[in-house]
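Reader: Hello! I'm new to this structure and would love a close look at a single part: the place where the ligand sits. Could you walk me through that site and the spaces around it?

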Amino acid sequence: MLNILTGKQFADKNLLEKIFAKTSELEKTYKDETVSKSLHGKVIATLFYEPSTRTRLSFESAALRLGAGVISVENARATSSDVKGESLEDTIKMVNGYADAIVLRHPEAGTAERASKVSSVPVMNAGDGGNEHPTQALIDLYTIKKSLGRLDNLHVVFGFDPLHSRTIRSLSQLLAIFPGNRFTFISPKSLAATPEFLEALKKEGVEVEVKDNLDGVGEADVLYVNRLQEERFEDRNEFEKNRKLFILKPEHLKDSKAIVLDPLPRIDEIDVAVDDLPNAKYFEQ
Ligand code: CP
């Protein structure tokens, strides 16, 4: 566990229980003086080649609260020596001299793994293109466990861009290790998850359904939705054509006990009127 590159690294129920127990402990103490300054004297580098609000600030907040210092490049494509043509590998080797761990977000799939191959300090994948977002998956799992008390025998609806969503990929692969889970993927046909990805989930024993409508979604246990990933579309017209096709509204949640999660940012996928319902967990998570 030197590097965090993929959600699959956490596919061990005992390990997840340990992480959740620690998270629960920190949740109670992180704002007061009793929290352990276990990172005192360390420096964490956040290197972001793609925009972020939550991931960069939450890593930085966590590092500071645990006593570490933080150095950050928040728009590395425009303000780092990437602009002059420096390779990712050379950049990582340099940052190794300044920091004890690197949190990396990059638009290309596989970059966290590439970085880890040349790095002498741990690399944490904060999102690599449409591939994975493992720490978001941990937050999602923790919220489901805290809200529903279990991670098995769940009906989870994923929408609305399974083709491009790295958070759907990471979370669904992790939830697949728990018995009795059933997934419904909702999207326009052109944004459906690849057959290879769905087959891999089925091999784990998950029952998988693919739909292009919101009928009956309120009967699920978890509604995990996120925006159409505009930056991953090759054709902008395709994005515009599909962006408002699926919007979760209060009428979908009438008499529903489903929890609604969204890694955010919210664009079109959830009507703001849902925010006031007890189902909404996306700001809390
Ligand atoms: N959840 C998430 O990755 O949000 P940001 O893009 O704002 O970091």
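Author: Happy to help; what follows starts at the ligand and then moves out to the pockets, a cavity and a few details of the backbone.

Please keep in mind that this is a predicted model. Let's begin with the neighbours of the ligand. One run of them is Ser 52, Thr 53, Arg 54 and Thr 55, and the others are Arg 105, His 133, Gln 136, Pro 263 and Leu 264. Sorted by class, this shell holds five polar residues, two charged ones and two nonpolar ones.

Some of these neighbours reach the ligand with polar side-chain atoms. For Thr 55, such an atom lies 2.7 Å from an oxygen atom of the ligand. Arg 105 places a polar side-chain atom 2.9 Å from a ligand oxygen, and for His 133 the distance from a polar side-chain atom to an oxygen of the ligand is 2.9 Å. On its own, the ligand has 260 Å² of accessible area, and the protein covers 91% of that.

Now to the space itself. The ligand takes up the second largest pocket, which has a volume of about 320 Å³. Its lining is made of 19 residues, and those nearest the centre are Arg 105, Arg 166, Arg 227, Leu 264 and Pro 265. Arg 105 is thus a name to remember, as it also has the polar atom 2.9 Å from a ligand oxygen. Helices α2 and α7 (166–175) each give at least two residues to this lining. By class, the lining of this second largest pocket has nine polar, six charged and four nonpolar residues.

What about the largest pocket? It encloses about 2000 Å³ of space. There are 49 residues in its lining, with Thr 23, Leu 26, Ser 58, Ala 62 and Ile 139 nearest the centre. The elements that contribute two or more residues to it are α1 (13–29), α2 (54–65), β3 (101–106) and α6 (134–148). Of these, α1 provides the largest share, nine residues. The classes in this lining are 26 nonpolar, 14 polar and nine charged. Notice that α2 has turned up again: it supplies residues to the lining of the largest pocket and to that of the second largest pocket.

There is a cavity to look at as well. A search of the whole structure finds one cavity of 30 Å³ or more, and the largest cavity has a volume of about 50 Å³. Around it are Phe 160, Arg 227, Leu 228, Phe 239, Arg 243, Phe 246, Ile 267, Asp 268 and Glu 269. Five of these lining residues are nonpolar and four are charged, with no polar ones. Arg 227 is a link between the spaces, as it lines this cavity and is also one of the residues nearest the centre of the second largest pocket.

Finally, a few details of the backbone. Most peptide bonds are trans, and most residues other than glycine have a negative phi. Against that background, the bond from Leu 264 to Pro 265 is cis, with omega near 5 degrees. Pro 265 belongs to the segment after β9 (259–261). The bond from Gly 159 to Phe 160 is cis too, with omega near 5 degrees; Phe 160 is found in the loop between β5 (155–159) and α7. Lastly, Asn 153 has a positive phi, near 50 degrees, and its place is in the loop between α6 and β5.

Key. Residues are numbered from 1 along each chain as its sequence is written. This is a predicted model: local features need pLDDT of at least 70, side-chain atom pairs count only at pLDDT 80 or more; totals for chains, interfaces and linings use all residues. Side-chain values use heavy atoms; hydrogens and water are left out. A residue is near a molecule or strand if one of its heavy atoms lies within 4 Å of it. A polar contact is a pair of N or O atoms within 3.5 Å; within protein, one must be able to donate a hydrogen and the other to accept it, and residues adjacent in sequence count only if both atoms are side-chain atoms. Accessible areas come from the Shrake-Rupley method with a 1.4 Å probe; for residues, only the protein chains shown count as cover. On a 1 Å grid over the protein atoms alone, a cavity is a set of points where a 1.4 Å probe fits but cannot get out, and a pocket is an open set with protein on both sides within 12 Å along at least five of seven lines; lining residues have an atom within 4 Å of a point. A molecule sits in a cavity or pocket if more than half of its atoms lie within 2 Å of its grid points. Ala, Val, Leu, Ile, Met, Phe, Trp, Tyr, Cys and Pro count as nonpolar, Asp, Glu, Lys and Arg as charged, and the others, Gly among them, as polar. Grid points are joined across faces, edges and corners, and a volume is the space filled by probe spheres set on the points. Helices (H or I, at least four residues) and strands (E, at least two) are DSSP runs, numbered from the N terminus.
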